Amino acid sequence: MPRLQTTPPHYAYIRIAEGCDNCCTFCVIPQLRGGYRSRTIENIIQEARNLVAQGVKEIILIAQDTTQYGKDIYGEKALVKLLKELVKIPALRWIRLLYCYPNDFSEELIQLIKSEKKICKYLDIPLQHADDTILRKMGRRITRKEIEILVNKLKNEIPDIVLRSTFIVGFPGETEENFNTLLNFLEKMQLDRVGAFTYSREEDTPAGKLPGQISEKIKEARLEKLMKLQYEIIRRKNQEYLNKEMIVQVDGPSEDDPNLWLCRSEGEAPEIDPYILVHSCKNFQPGQLLLVRISHIQDYDFIGEVVRELT
Ligand code: SF4
């Protein structure tokens, strides 16, 4: 069926699978949406071709766990195979991967992201925590050490990669020590984008029945502390971008100021990451590429000046 596009004309999400086979103890999604069910490569490619024919330049692949793609229908993970087909679509500019479970990165996937120009050097890998006791209680099937090995490998192999993750604070039984391990991990790993949430108790989940539920006051205090630390990390890291030239895609004008353009580079996903803000009285088209120089940094936002129009 032709699909109704609700995003701006130059980017679109494609859901490559439904459901989830993981057993995170805090999550109701497997109960609500059932087991992991991949769409076929042919079916996804057809949707991508249709979207590109309508003017889409950036496709964002989503699933509860994108790295798991294909295992149910092909008997093996097939994300690499899918990406190799997607990059063949001529007018497609960027392919972005969201929600990659950290356990399932193959060497082949890392090398493909590294070598293929159309695949954004950007990964969203929800990690949830970094303390081994909490990771085990969360049912995450990974240790801090394994996470660090993966993050370091991605950074070493793909030096300009932008890494995004999300974390939960105040999981049942989380001690100050467990929480401090998470802070220490963030300081050490220097992730580019971090989202954090307080643990939300779902009665029908194993975690909802665990003893040691944390008070809302403590959860909020931990969230504030984590975000403060991450803000300092980002403030330091962002200085590296000052005066740097970047290729950005125009998403559109700001609602408040028609001469303020909301743009993104490969390193920013729509709707979750901060924009690169560009002042110009020119009339840019959504999806247009610009070369900009970062002239100011304001909290999380980059302010850029147009060097030249690229398309
Ligand atoms: S948190 Fe994500 S990976 Fe874990 S069970 Fe829920 S949907 Fe699956």
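This is a short walk through one structure, starting with its domains and ending at a hairpin.

Okay, hi everyone. One thing up front: what you see here is a predicted model.

Let's get our bearings. The chain splits into three pieces: domain 1 covers 1-120, domain 2 covers 125-240, and domain 3 covers 242-309.

Now, the parallel sheet. Which strands make it up, and in what order? Reading across, you go β1-β4-β5-β6-β7-β8, so that's 6 strands in an open sheet, and the pairing is parallel. At the edges you find β1, residues 11-15, and β8, residues 193-198. Each of those has a single partner strand, so one side of each is left without a neighbour in the sheet. As you step from one strand to the next, the twist averages 20 degrees.

Let me zoom in on the β8 edge. Strand β7, residues 162-169, pairs with β8 in the parallel sense, over 6 bridges. If you want a spot to click on, try serine 165, which sits opposite valine 194 in β8.

Over at the β1 end there's a helix to look at. That's α2, residues 41-53, and it lies across β1 and β4, with β4 being 58-62. Its direction relative to β1 is about 165 degrees.

Quick reminder for anyone new to sheets: strands pair through backbone hydrogen bonds, and they can do that either parallel or antiparallel. We've had the parallel kind, and the antiparallel kind is coming up.

Before that, how do domain 1 and domain 3 touch? There are 11 residues of domain 1 in contact with 8 residues of domain 3. On the domain 1 side, β4 and β5, the latter being 94-97, each supply at least two of the residues. What kinds of residues does domain 1 bring to that contact? By class, 7 are nonpolar, 1 is polar and 3 are charged. And the centres of these two domains, taken over C-alpha atoms, are 26 Å apart.

Right, on to domain 3, residues 242-309. Strand β9, residues 245-253, pairs with strand β12, residues 289-298, in the antiparallel sense over 5 bridges. Here valine 248 stands opposite leucine 290 in β12.

β12 also pairs with strand β13, residues 301-309: they run antiparallel and 8 bridges join them. In that pairing, histidine 296 faces isoleucine 303 in β13.

And last, the turn. The hairpin of β12 and β13 has 2 residues between the strands, and aspartate 299 takes a positive phi there, near 50 degrees.

That's my tour, thanks!

Conventions
Residues numbered from 1 in each chain as written. Predicted model: local features only at pLDDT ≥ 70, side-chain atom pairs only at ≥ 80, totals over all residues. Pairing = 2+ DSSP bridges. Helix = DSSP H or I, 4+ residues; strand = E, 2+ residues; numbered from the N terminus. Axes fitted to C-alpha atoms, helices over the stretch in contact; angles between N-to-C directions. Contact = placed C-beta atoms within 7 Å. Domains from an automatic or database assignment. Nonpolar A, V, L, I, M, F, W, Y, C, P; charged D, E, K, R; others polar.
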